[in-house]
Amino acid sequence: MEPFSCDTFVALPPATVDNRIIFGKNSDRLCDEVQEVVYFPAAVHNNLGEHLKCTYIEIDQVPETYAVVLSRPAWLWGAEMGANEHGVCIGNEAVWGREEVCDEEALLGMDLVRGSS
């Protein structure tokens with residue numbers, strides 16, 4: 001069966017037991033595509049003149065990154081969903097717009113998920 005939905009949800013207290021926050025996401029990726037759950041520790045980056053290779057383009061390195069746990073397709077830099085050490089959670093969603101598609105390579109939505117986690 002072909003996937004057709006990509007949804008993110010959150011359940012907040014008082015709807016949860018013991019004031020827990022539940023965050024989850026399903027993916028519309030193919031069922032046989034490898035999804036990795038990965039951890040990247042917090043880091044201070046001294047190589048600010050260098051670029052960071054994302055999925056298709058490179059961007060400037062930032063001075064500091066937080067620790068993150070991500071779920072991502074094995075073939076790309078970005079992530080479907082993730083949470084950082086400060087409890088910020090984010091999920092990737094398809095957003096349809098009216099802007100024309102550009103032929104230039106750019107950041108993927110999933111790159112933005114990893115970058116903001």
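In this predicted model, E100 is found in the loop that runs between β10 (89–91) and α1. With a relative accessibility of 77%, E100 counts as exposed, because the cut-off for that class is over 50%. A useful partner for placing E100 in space is V62: the two residues stand 38 apart along the chain, and their C-alpha atoms are separated by 30 Å.

V62 leads on to the largest pocket, where V62 is among the lining residues closest to the centre, together with H45, L52, T65 and R114. The space in this pocket comes to about 450 Å³, and 18 residues line it. Several elements of secondary structure take part: β6 (58–60), β7 (64–65), β8 (68–73) and α1 (109–116) each supply at least two residues of the lining. Sorted by class, the lining of the largest pocket holds 10 nonpolar, 5 polar and 3 charged residues.

R114 deserves a second look, for this residue of the pocket lining also lies over the face of F40, at 4.1 Å from the ring centre. Pairs between aromatic rings, in contrast, do not appear in the model: the count of aromatic pairs comes to 0.

The second largest pocket offers about 240 Å³ of space. Its lining is made up of N92, E93, A94, V95, W96, L107, L108, G109 and L112. By class, 6 of these lining residues are nonpolar, 2 are polar and 1 is charged.

One residue of this second lining, N92, provides a link to K25: a polar atom of the K25 side chain lies 3.3 Å from the backbone oxygen of N92. K25 itself belongs to strand β2, which covers residues 22–25. The relative accessible area of K25 is 16%, so K25 is classed as buried, the cut-off being under 20%. The side chain of K25 also meets that of E80 in a polar contact of 2.7 Å. The surroundings of this lysine thus include a side-chain partner, E80, and a backbone partner, N92.

Two residues, then, illustrate opposite ends of the accessibility scale used here: K25 is buried at 16%, whereas E100 is exposed at 77%. For the reader exploring the coordinates, R114 makes a convenient landmark, as it is listed among the residues closest to the centre of the largest pocket and sits over the ring of F40. N92 can serve in a similar way for the second largest pocket, being part of its lining and having its backbone oxygen 3.3 Å from a polar side-chain atom of K25.

Notes:
Residues are numbered from 1 along each chain as its sequence is written. This is a predicted model: local features need pLDDT of at least 70, side-chain atom pairs count only at pLDDT 80 or more; totals for chains, interfaces and linings use all residues. Side-chain values use heavy atoms; hydrogens and water are left out. Rings of Phe, Tyr and Trp (its six-membered ring) pair if their centres lie within 6.5 Å; planes under 30 degrees apart count as stacked, over 60 as edge-to-face and the rest as tilted. A charge sits over a ring if NZ of Lys or CZ of Arg is within 6 Å of the ring centre and within 35 degrees of the ring normal. On a 1 Å grid over the protein atoms alone, a cavity is a set of points where a 1.4 Å probe fits but cannot get out, and a pocket is an open set with protein on both sides within 12 Å along at least five of seven lines; lining residues have an atom within 4 Å of a point. Grid points are joined across faces, edges and corners, and a volume is the space filled by probe spheres set on the points. Helices (H or I, at least four residues) and strands (E, at least two) are DSSP runs, numbered from the N terminus. Ala, Val, Leu, Ile, Met, Phe, Trp, Tyr, Cys and Pro count as nonpolar, Asp, Glu, Lys and Arg as charged, and the others, Gly among them, as polar. Buried means under 20% relative accessible area, exposed over 50%, partly exposed in between (1.4 Å probe, protein chains only). A polar contact is a pair of N or O atoms within 3.5 Å; within protein, one must be able to donate a hydrogen and the other to accept it, and residues adjacent in sequence count only if both atoms are side-chain atoms.
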